[in-house]
Amino acid sequence: MGMGDAPLTPLEQPVTGVRGVGPERAALLARLGIGTVGDLLLHRPRRHEDRRRLERIAALKLNESASTQGRIVAQGVKYWKQRRKSLFECVLDDGTGRLHCRWWNLPFMENYFKVGDEILVYGRVRSLKPRGIDHPETETIEGGDDRSIHLHRIVPIYPLTEGLTQRWFRGLIWRALEAYGSAFEEPWPGLDPGDLPMRAVAVRQIHFPDEMDDAEAARGRLALDELIELQLAIQRRRRRLHEHARALPCGGDNRLMRRLLGSLGFKLTEAQTGVLREIRRDLAGSHPMRRLLQGDVGSGKTVVAACAALMTLESGYNVALMAPTEILAEQHGRVFARWFGPLGLGVALQTGGQKTLLTAPAGQIAVSPAGPGDAQDPSGTDAALAGPAVTVGTHALVEAGYCPDALGLVIIDEQHKFGVAQRERLVRKGRYPHLLVMTATPIPRTLGLTLYGDLDISVIKQMPASRGRVRTYLRAESSLPKVWGFVRQKLGEGRQAYIVCPRIEERDGPADVKAVREEFDRVRTLFAPHAVGLLHGRLPLQEKDRVMEGFRAGQIAVLVATSVIEVGVDVPNATIMVVENAESYGLAQLHQLRGRIGRGPAESHCILIAAACKDEARRRLEALEETNDGFRIAEMDLLLRGPGEFLGQAQSGVPRFRFVELARDLALVERARTAAAGLLDSGAA
Ligand code: ADP
Ligand code: MG
């Protein structure tokens with residue numbers, strides 16, 4: 001140990017300090033991420049087994065999981081197919097009946113048991129005559145003075161790695177608890193855990209609870225601690241920003257915004273105006289804005305972003321807008337150029353290493369090369385605006401040498417596609433510019449507070465009027481011919497359609513999952529003479545442009561695409577969407593996809609084709625037939641599929657939790673948030 005190193009606390013001791021752990025076992029524990037005593041004691045059991053009342057063999061019920069116990073009365077391995085297949089079977093007897101435990105193709109299991117052994121088994125009863133369990137979990141009961149650790153109590157069952165047994169690991173935890181359990185101090189003395197146990201109690205009860213409920217309460221306490229730690233980090237960052245960063249004055253004076261609003265051709269909804277008021281307050285405030293704008297697909301976030309940009313430009317600062325895909329960056333570039341060009345503002349597009357000026361700032365048209373604040377500037381544009389006022393780009397904005405003067409506002413579209421780290425890098429390009437992140441993925445509140453806890457949240461809850469309804473239908477693959485007939489009819493009426501497939505090429509995945517390239521060929525024949533386009537992420541940029549342009553202009557009637565069209569693409573005349581292999585997407589993603597239609601006044605139709613799939617998968621998809629409420633769908637997705645879907649790349653910003661379960665811990669997340677604020681206010685953390 002070098003000079004100045006603090007001595008290790010008991011929980012920081014290497015796990016080899018616990019009796020019974022030598023170098024070999026330590027290597028196995030390392031595979032579980034266990035290096036220290038603290039890691040060991042926070043290794044979360046996968047489940048608990050109530051061994052106070054084990055089921056008698058005679059009472060086991062078909063198809064139910066149960067734990068039982070008995071003595072091995074017979075065992076042996078059968079082989080067939082030249083010994084390539086095998087079955088190891090051992091028969092338990094507990095005096096009430098016999099139970100056949102079977103393992104297929106694991107003949108070495110024979111070495112683990114012998115007739116006369118007393119064993120515990122856990123598993124689902126697959127048959128009653130004879131009573132049988134396939135591949136049960138087992139544990140041999142041994143004599144000795146540690147029997148009370150493993151029997152006649154609620155015992156923990158852990159996720160382990162090969163070479164470690166439940167019994168050994170449980171004994172290790174027991175010994176570690178005896179020696180180090182009291183070392184778990186309350187992390188924040190000011191914290192009132194309320195109905196949850198103290199941390200040291202929780203650590204004991206997560207392993208050896210007195211009652212099943214105690215294990216859940218213990219998990220709650222340990223999860224709360226994880227969440228408080230995260231919230232402290234988030235809130236500290238925010239407080240630091242408030243202390244150190246003076247906001248750039250970007251509230252604007254309305255002169256450009258008034259002109260844009262007059263030329264739009266529609267009136268902002270009340271929801272949009274409300275959000276703009278919040279944004280203006282932020283932009284004119286004393287701390288840099290950090291705001292998340294949530295609004296379902298099609299709710300009109302882009303125009304809100306444009307207005308925020310104008311407030312900033314009116315104030316003499318530049319704006320950067322980052323989108324997750326090139327297609328989307330170009331679409332935004334085009335929209336902003338159309339809206340801002342007439343106002344004499346420059347809009348540039350930065351994708352890859354390439355920068356294109358979409359509209360030149362008014363001051364640069366006649367005089368070239370124009371210096372900043374050119375005297376002949378006819379519109380009287382502010383000095384800082386002489387360059388492109390708005391730069392739209394992909395993540396190239398983060399990487400490329402993009403470093404604008406006077407960056408006042410950073411807008412990030414579809415935030416969930418970016419990591420927190422990328423967001424931070426872009427924001428650091430200026431002198432604490434304001435930040436507006438937008439997302440159409442309705443994020444369940446637990447995740448919102450966890451992922452974006454450092455952002456204020458605005459929600460656009462209302463859709464622009466004049467939107468046609470989107471009807472959604474779930475169909476089996478066998479009805480495809482009828483579906484194509486329907487699409488053809490709509491094409492005949494002058495409508496356009498999206499056909500979405502999960503993969504690019506057939507060799508990319510299982511054969512029953514449709515691939516766009518092959519589907520493109522089929523669909524082209526099917527819908528001739530209507531023009532069909534192909535769009536996926538691996539096409540060269542120019543090709544993507546050409547196809548999107550053709551579709552937007554109506555020259556292409558049908559677009560066969562992967563989910564690259566998921567975000568943002570806006571073609572109001574496209575009113576039909578067919579999603580093949582719908583079962584391979586998450587609900588939230590399908591909801592995003594279907595947001596591509598229903599953008600004009602006409603009624604739209606989304607047809608989900610589910611390949612032969614389980615009832616469960618069908619029921620999941622039926623939710624989309626029933627509701628158009630993105631938030632409800634997102635909550636369901638979180639429950640059904642866990643947080644991965646939402647996290648995407650944003651995962652980099654979320655710590656790996658041991659005890660938190662985002663799908664059901666909303667109350668804890670909120671409690672942690674309040675607790676963290678209280679701790680920071682009182683100086684206790
Ligand atoms: P999203 O929130 O999904 O990004 P967009 O900003 O792309 O939605 O808006 C979808 C469409 O609705 C665009 O064509 C946009 O011009 C239009 N739109 C936005 N606000 C309104 C409104 N208040 N009234 C009518 N149409 C609107
Ligand atoms: Mg959008």
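**Figure 1. The loop that holds Pro-130 in the predicted model.** In this predicted model, Pro-130 belongs to the loop that runs between β5 (118-128) and β6 (131-134). The peptide bond that leads from Lys-129 into Pro-130 is cis. The omega angle of this bond is near 0°.

**Figure 2. The loop that holds His-135.** The strand β6 also borders a second loop, the one between β6 and β7 (137-141), and His-135 is found there. His-135 is not a glycine, yet its phi angle is positive, with a value near 45°. Is His-135 buried, partly exposed or exposed? The relative accessibility of His-135 is 40%, so the residue counts as partly exposed, because that class covers values that are neither under 20% nor over 50%.

**Figure 3. The loop that holds His-152.** A further histidine, His-152, is placed in the loop between α3 (147-150) and β8 (154-157). The phi angle of His-152 is near 55°, which is again a positive value in a residue other than glycine. With a relative accessibility of 62%, His-152 counts as exposed, because the cut-off for that class is over 50%.

**Figure 4. The loop that holds Pro-529.** Pro-529 lies in the loop that links α16 (516-527) with β19 (532-535). The bond of interest in this view is the peptide bond from Ala-528 to Pro-529, which is cis. Its omega angle is near 5°.

**Figure 5. The residues around ligand 1.** How many residues surround ligand 1? The shell consists of 16 residues, and the closest are Gly-298, Lys-301, Thr-302, Arg-467 and Asp-570. By character, the shell divides into six charged residues, six polar residues and four nonpolar residues.

**Figure 6. Polar atoms beside ligand 1.** This view shows three pairs of atoms, each with one partner in the protein and one in the ligand. In the side chain of Thr-302, a polar atom lies 2.6 Å from an oxygen atom of ligand 1. In the side chain of Arg-599, an N or O atom is 3.1 Å from an oxygen atom of the ligand. Thr-269 takes part through its backbone instead: a polar backbone atom of this residue is 3.5 Å from a nitrogen atom of ligand 1. Taken alone, ligand 1 exposes 570 Å², and the protein buries 86% of that area.

Key:
Residues are numbered from 1 along each chain as its sequence is written. Chains are lettered from A and ligands numbered from 1 in the order in which they are written. This is a predicted model: local features need pLDDT of at least 70, side-chain atom pairs count only at pLDDT 80 or more; totals for chains, interfaces and linings use all residues. Side-chain values use heavy atoms; hydrogens and water are left out. A residue is near a molecule or strand if one of its heavy atoms lies within 4 Å of it. A polar contact is a pair of N or O atoms within 3.5 Å; within protein, one must be able to donate a hydrogen and the other to accept it, and residues adjacent in sequence count only if both atoms are side-chain atoms. Accessible areas come from the Shrake-Rupley method with a 1.4 Å probe; for residues, only the protein chains shown count as cover. Ala, Val, Leu, Ile, Met, Phe, Trp, Tyr, Cys and Pro count as nonpolar, Asp, Glu, Lys and Arg as charged, and the others, Gly among them, as polar. Helices (H or I, at least four residues) and strands (E, at least two) are DSSP runs, numbered from the N terminus. Buried means under 20% relative accessible area, exposed over 50%, partly exposed in between (1.4 Å probe, protein chains only).
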